[in-house]
Protein chains: 2
Amino acid sequence: MAKADLSREAIVDRALAVADAEGLDAVTVRRLAQELGVTPMALYWHVKNKDEVLDAMGDRLFETVDYASPDGATWDEQLRAVVRGLVEAFRAHPVCVDLAYRRVFECEEGLQLAEHTLGLLRGAGFADRQAADIATRSLQTALMLVTSEPGAEPGSTPEAAHAKLAEKRAGIAALPIDRFPNIHALAGFMLYCDDVEAYYDFNVDLFVNGARTALAA
Amino acid sequence: MAKADLSREAIVDRALAVADAEGLDAVTVRRLAQELGVTPMALYWHVKNKDEVLDAMGDRLFETVDYASPDGATWDEQLRAVVRGLVEAFRAHPVCVDLAYRRVFECEEGLQLAEHTLGLLRGAGFADRQAADIATRSLQTALMLVTSEPGAEPGSTPEAAHAKLAEKRAGIAALPIDRFPNIHALAGFMLYCDDVEAYYDFNVDLFVNGARTALAA
DNA sequence: ACCTGAACACCGTTCAAGT
DNA sequence: ACCTGAACACCGTTCAAGT
């Protein structure tokens, strides 16, 4: 469609936009070419192959992570800042978080983040094995909180998302209440989130508290 | 190849075997047909489409979860049993865990597990919102521990896995040590796990401890 | 330097036809 | 009831050719 000059940047921009709107499956070489007003083969001049586009999309997420914490912050405040920073960055492109995950050690910003996180954990007094585990888990925690934010159906148009949720709700409503009383009682909380900030606060705390307890032991 | 009578069961068996050996991308309708000594279209008699195969693969994982805990177990012991049970089931087919994740509320065993977990958390005294979150997180925790077990390269042949790890190791070794000292120091722990049981013990505890702290607050 | 046409080897799926 | 042949609309990618 738009004829803005083709470039690696432009391709990745478009890929992110398509992914946000219609999910990762909609990101195809041919689709991107069409949106960019060009033949599919034109992309191969700017990019080695589709995987390189996917990788670049993942790298983008790390480029926007802000994990700074105020001077004098304790290690657990710093750890919370890391997870919250990742959460904020991931929420901008929920369907792309898996792309980002495998790029931590492959892009500059991912490496900086890893270095920072490992450093603060070692400084806190964690053993090496534990520091490595907790750093990995902080990234994964952000990833899974975003991908499963209750009520969010990333990669779907608003109408489609609404339909999917209605279907899930109906599926649960059809369950025998005597066998699944707890699912019935809590279905609302798993399918809808009235306070997104509270959701992230509680779950990030859950993680940081686990780490704090591990250090004490 | 083998000419065992075609059936839904046989198709899913084969799909799991292919996924385990070569990853999810290798699971195609045509490949399964070839392995089963039949034309691709034959599968469509036993199965609606490929998605149904993928769904059935996910369901299989839940069918093997053993989350029983001894009589009189405390809520946190029960929660640990749930996560450990999921971990054991997932480890049998690491590349299929994402398939399983989205099937919790769509298969009998997944529903039973969810019901059990929600029940024990409510019994422990968690508020509804928190019980829902922690139940979700217990499934996700098992999922991510298995998918990122250090040194495991699921869906790769042993040689390919070895090559991938060597490449990662080389990538980190090539990093400037003055900018990434912590990554250098801990790279070994992120790429290799000398004691897999200890890895799961520590990380499951990390999660359960977080929950315990949340209840106390 | 940058893009296209034509072609290749793959997908999943349908549908009429065979036994 | 169960399977096949032929066909369709998609993929990613290569490579020689155009400007």
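## B:Asn209 and its surroundings

Apart from neighbours within four places in sequence, B:Asn209 contacts A:Gly210 and A:Thr213, where contact means heavy atoms within 4.5 Å. B:Asn209 is buried, with a relative accessible area of 13%; buried means under 20% relative accessible area, exposed over 50% and partly exposed in between, with a 1.4 Å probe and protein chains only. The residue belongs to helix 11 of chain B, residues 196-216. Helices (H or I, at least four residues) and strands (E, at least two) are DSSP runs numbered from the N terminus.

## Basis of the values

This is a predicted model, in which local features need pLDDT of at least 70 and side-chain atom pairs count only at pLDDT 80 or more, while totals for chains, interfaces and linings use all residues. Residues are numbered from 1 along each chain as its sequence is written, chains are lettered from A and ligands numbered from 1 in the order in which they are written, and side-chain values use heavy atoms, with hydrogens and water left out.

## DNA strand C

DNA strand C is surrounded by 14 residues, and the closest are A:Thr39, A:Met41, A:His46, B:Arg30 and B:Lys50. A residue is near a strand if one of its heavy atoms lies within 4 Å of it. Sugar or phosphate accounts for 55% of the strand C atoms within 4 Å of the protein, and bases for the rest.

Polar contacts are pairs of N or O atoms within 3.5 Å; within protein, one must be able to donate a hydrogen and the other to accept it, and residues adjacent in sequence count only if both atoms are side-chain atoms. A side-chain N or O atom of B:Arg30 lies 2.3 Å from a base nitrogen of strand C. Phosphate oxygens of this strand are approached by a polar side-chain atom of A:His46 at 2.5 Å and by a backbone N or O atom of B:Val29 at 3.0 Å. Helix 3 (43-46) of chain A and helix 2 (29-35) of chain B are the elements that give two or more residues to the surface near strand C.

## DNA strand D

Around DNA strand D there are 14 residues, of which A:Arg30, A:Lys50, B:Thr39, B:Met41 and B:His46 come nearest. Of the strand D atoms within 4 Å of the protein, 54% belong to sugar or phosphate and the rest to bases.

Phosphate oxygens of strand D lie 2.7 Å from a side-chain N or O atom of B:Thr39, 2.9 Å from a polar side-chain atom of A:Tyr44 and 3.0 Å from a backbone N or O atom of A:Val29. The elements giving two or more residues to this surface are helix 2 (29-35) of chain A and helix 3 (43-46) of chain B.
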